[in-house]
Amino acid sequence: MSTTASVGTASASAEGAGDAAPPSTTPASDTPMMDAPETSSPTKPSTSPPAAAASTSAEEDTAATATANTFLFASESVTESHPDKLCDVISDAIVDACLTLDPASRIACETVCKTGVVIVLGEITTSASINYEQVIRDAVRDAGYDDPAKGLDYKTCNVIVALEEQSPDIAQSVDAAKVEDSGAGDSCIVFGYACEETPEYMPLSHVLATKLSARLAEVRKDGTLDWIRPDGKTQITLEYGTNEKGVPVPRRVHSIVISAQHSEEVSNDKIAADLLEHVVKPVVPEKYLDEKTMYHMNPSGRFVIGGPHSDAGLTGRKPIVDTYGGWGSYGGGALSGKDATKVDRSGSYAARWIAKSLVANGYCSRCKVQLSYAIGIGNPISLHVDTYGTCTNKNGKTERDLVKLVEDKFDLRPGCIVKELDLRRPIMRKTAAYGHFGREEEEFKWEKVKEM
């Protein structure tokens, strides 16, 4: 059983197994690393100092139980106040401010933050009159940064706004008399993913990592843990097996890592105990925890200096957190800070809509969808559907047939995506933290399954 506070033990076994051959039933296009500790009942979090990283007993315990039939896969998440995520939130707060007054606004807005300063830059064309500085300060306040000791203070931070209008060269390639006829706002590739692991049709590792970070923010906001400060990050590694169709099936939690910014006076013992009791237990189902589950609570040993004071933040630097936790694929473009004519965003929403609809309608157990677009052109350049060998042949549809089915059921021109998903609404800030997918709120129309 591991009692070290270091991430070294958990990563050593996974890295050491990285060259192992994948299970013969696991699709090669999405095969994570291999490892497999045995199962039993929950253990206590560690409070040992970081020097305990080379815990021989833990390394031997993990390595000795590896099998060829399971693998480890990790996903991470961050709180809304992590520096990078704060920048996503600020950028999308500006998007919403523009869309509220002018739904036809064109926005490409990037944010950078560091100690005592927030910089917003990009291109915005809108008829709305926006007090950008006030929008920025309000977003910083809402993220909990109200004291220089926390890394940023919304009242006193320096705010720099460097915004210009959208290039007319881009605008003329996108503009159309009807929104349905609009061209793509940029050339890009995007991906959507869905699976049967959870009711949300999302990977369990991603769902749990996201819920842990959301819970970390919740216990700060409601006062449950008065020592927590805004910045925070979570990571969870699951042990997966595969079923007879080669579909990954979660078996247990291998390890949990939580880094929570904290006040000066709290002890590491209290941090570990509080995070287990008030963050882990309310989120992670007990059936996945056992005596071999490793807990690394604030493994650095100290996290008083946090937020932008500790690390600079930048819009678009948490794409795996925003999407599927490392499962499926990622096209490369940021989601936040953009209006829906940018198909990095709207195309990603459409790809998820397709993938989830295919799985939910019983055409496959897992699905990855790729779309590609060219700037100024309406219809996608290409469409690819990958079911990882899980196509059920429902209604006689083979995997190749699913492409034609999607083309028949979905109009994937950017303007039609915007219209059908109602993406001119000021809903973008809500997507900026805790994932753009797997959400059941009314605003997330791309999560509504289309009958096929």
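Let's start with helix α3, which lies across β3, β4 (117-125) and β12, and runs at about 150° to β3. This is a predicted model, so please read each distance and angle below as a computed value.

The strands under α3 belong to an open sheet of four strands, ordered β7-β4-β3-β12, with mixed pairing. At its edges are β7 (158-164) and β12, each of which pairs on one side only. If you follow strand β3 (residues 106-114) over to β12, you will find two bridges joining them, with the strands running antiparallel. Here Cys113 stands opposite Gly313 in β12. A second helix, α4 (residues 132-142), lies across β4 and β7, and its direction makes about 130° with that of β7.

Helix α3 also takes part in a link between distant parts of the chain. The side chains of Asp84 and Lys318 form a salt bridge, with 2.8 Å from N to O. Asp84 sits in α3 (residues 83-101), while Lys318 is in the loop between β12 (313-314) and α9 (319-322), and the two are 234 residues apart. The structure as a whole contains 32 salt bridges.

Now let's turn to the other sheet. Three strands make up this open sheet, in the order β8-β13-β14, and their pairing is antiparallel. Its edge strands, β8 (188-195) and β14 (382-386), each pair on one side only. On average, neighbouring strands here are turned by 15° against each other, ignoring direction. Eight bridges hold the antiparallel pairing of β8 with β13 (residues 366-373), and in this pair Ala194 stands opposite Cys367 in β13. Helix α10 (residues 343-360) packs on the sheet and touches β8, β13 and β14, with a direction at about 30° to that of β8.

Finally, have a look at a pair of helices. Two packed helices are described by the angle between their axes and the distance between the axes. For α6 (residues 204-221) and α7 (residues 268-283), the angle is about 135° and the axes are 9 Å apart. The two helices are therefore oblique to each other, and α6 passes α7 in a right-handed crossing. Which residues of α6 meet α7? They are Leu208, Lys211, Leu212, Arg215, Leu216 and Val219, and across from them α7 brings Leu275, His278, Val279, Val280, Pro282 and Val283. By character, the residues of this contact divide into nine nonpolar, one polar and two charged.

Conventions. Residues are numbered from 1 along each chain as its sequence is written. This is a predicted model: local features need pLDDT of at least 70, side-chain atom pairs count only at pLDDT 80 or more; totals for chains, interfaces and linings use all residues. Side-chain values use heavy atoms; hydrogens and water are left out. Two strands pair if DSSP finds at least two bridges between them. Axes are lines fitted to C-alpha atoms, for helices over the stretch in contact, and angles run from 0 to 180 degrees between N-to-C directions. Contact means heavy atoms within 4.5 Å. Angles under 35 degrees count as roughly parallel, over 145 as roughly antiparallel, 65 to 115 as roughly perpendicular and the rest as oblique. A crossing is left-handed if the near helix is turned anticlockwise from the far one by less than a right angle, and right-handed if clockwise. Ala, Val, Leu, Ile, Met, Phe, Trp, Tyr, Cys and Pro count as nonpolar, Asp, Glu, Lys and Arg as charged, and the others, Gly among them, as polar. A salt bridge is a side-chain nitrogen of Lys or Arg within 4 Å of a carboxyl oxygen of Asp or Glu.
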